[in-house]
Amino acid sequence: VTDFTYLTMQQMVACSLGTTGNGSRSTFQVGFPGLACRHCAGKPNARKFFYRTSEILAANYAHIPNHLMSCRDFPRELKHALSEKKEMHTGQKAKLGRGSQRIFFSGIWDRLHRSQNY
C-alpha cells in the first residue's frame with residue numbers, strides 16, 4: 001500500500017453506528033461497524049464512514065483523505081505530511097502489484113466486521 005494510503009488510514013479508528021444522527025446511513029443497522037476520524041471523533045459533527053462491502057470502501061476511499069484535509073481537528077503538520085505523500089501516491093501505486101490496494105481495504109473491512117453481531 002502507498003505511504004499516502006497508510007498515513008490516511010492511520011488517522012481512522014473503528015466505530016459503530018449509533019441510534020442518533022444516522023442521516024443517510026439509516027439503511028445500516030445500529031451497531032454496524034465503520035471508521036471514524038480519530039481527530040474529531042467524539043465531537044459534534046464528527047465524521048464517520050460506513051461501507052456495506054470492502055469493494056465499496058476501496059471505491060469510495062477518497063472521501064477519507066478529503067475529510068482529513070478539511071477537518072479542523074486534524075493537525076496542520078499531518079495535513080502537510082499527507083499532502084507530500086499524496087504527491088508520491090501515483091508513482092508508488094504504479095509499483096505495487098495489481099490489486100494491492102483492494103487487498104489492503106479488504107483486510108481493514110474484514111477486521112472491522114470480524115466479530116460483529118448487528
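The lining of the largest pocket in this predicted model comprises, by class, nine nonpolar residues, one polar residue and one charged residue. The residues concerned are Y6, M9, Q10, M12, V13, A14, L35, F104, I108, R111 and L112. Two or more lining residues are given by each of helix 1 (3-10), strand 1 (12-16) and helix 5. Among the elements, helix 5 makes the greatest contribution to this lining, with four residues. The space in the largest pocket amounts to about 190 Å³.

A search for enclosed space across the whole structure returned one cavity of 30 Å³ or more. The volume of the largest cavity is about 40 Å³. Its lining is formed by P33, G34, L35, F49, F50, Y51, L57, W109, L112 and H113. Strand 2 and helix 5 (100-113) are the elements that supply two or more residues to this cavity lining. In terms of class, eight of the lining residues of the largest cavity are nonpolar and two are polar, with no charged residues present. L35 and L112 appear in the lining of the cavity and also in that of the largest pocket.

Helix 5, which contributes to both linings, was examined further. For its 14 residues, a rise of 1.5 Å a residue predicts a span of 20 Å, and the end C-alpha atoms of helix 5 are indeed 20 Å apart, so the expected and computed lengths agree. The buried residues of helix 5 are Q101, F104, F105, I108, W109, L112 and H113. These residues cover an arc of only 160° around the axis and therefore lie on the same side of helix 5. An α-helix has 3.6 residues a turn, so residues three or four places apart point the same way. On the other side of helix 5, the exposed residues are I103 and R111. Of the buried set, F104, I108 and L112 are among the residues lining the largest pocket, whereas W109, L112 and H113 are among those lining the largest cavity. The exposed residue R111 likewise belongs to the pocket lining.

With respect to electrostatic contacts, the structure holds one salt bridge. The salt bridge is formed by D73 and K43, whose closest N and O atoms lie 3.0 Å apart. The pair joins distant parts of the chain, 30 residues apart: D73 is located in the loop between helix 3 (63-70) and helix 4 (76-95), and K43 in the loop between strand 2 (33-37) and strand 3 (48-49). Both partners retain some solvent accessibility. D73 is partly exposed, at a relative accessible area of 32%, and K43 is also partly exposed, at 40%.

The loop between strand 2 and strand 3 also contains N45. The phi angle of N45 is near 65°, a positive value in a residue other than glycine. Most residues other than glycine have a negative phi. N45 is exposed, with a relative accessible area of 79%.

A further contact between parts of the chain involves K85, which is placed in helix 4. K85 and F4 are separated by 81 residues in sequence, yet their C-alpha atoms are 4.8 Å apart in space. The relative accessibility of K85 is 25%, so K85 counts as partly exposed.

Notes. Residues numbered from 1 in each chain as written. Predicted model: local features only at pLDDT ≥ 70, side-chain atom pairs only at ≥ 80, totals over all residues. Heavy atoms only, no water. Salt bridge = Lys/Arg side-chain N within 4 Å of Asp/Glu carboxyl O. Buried < 20%, exposed > 50% of the residue type's maximum accessible area, 1.4 Å probe, protein only. 1 Å grid on protein atoms, 1.4 Å probe; cavity = no way out; pocket = protein on both sides within 12 Å on 5 of 7 lines; lining within 4 Å. Points joined across faces, edges and corners; volume = space filled by probe spheres on them. Nonpolar A, V, L, I, M, F, W, Y, C, P; charged D, E, K, R; others polar. Expected span 1.5 Å × (residues − 1). Arc of directions from axis to C-beta.
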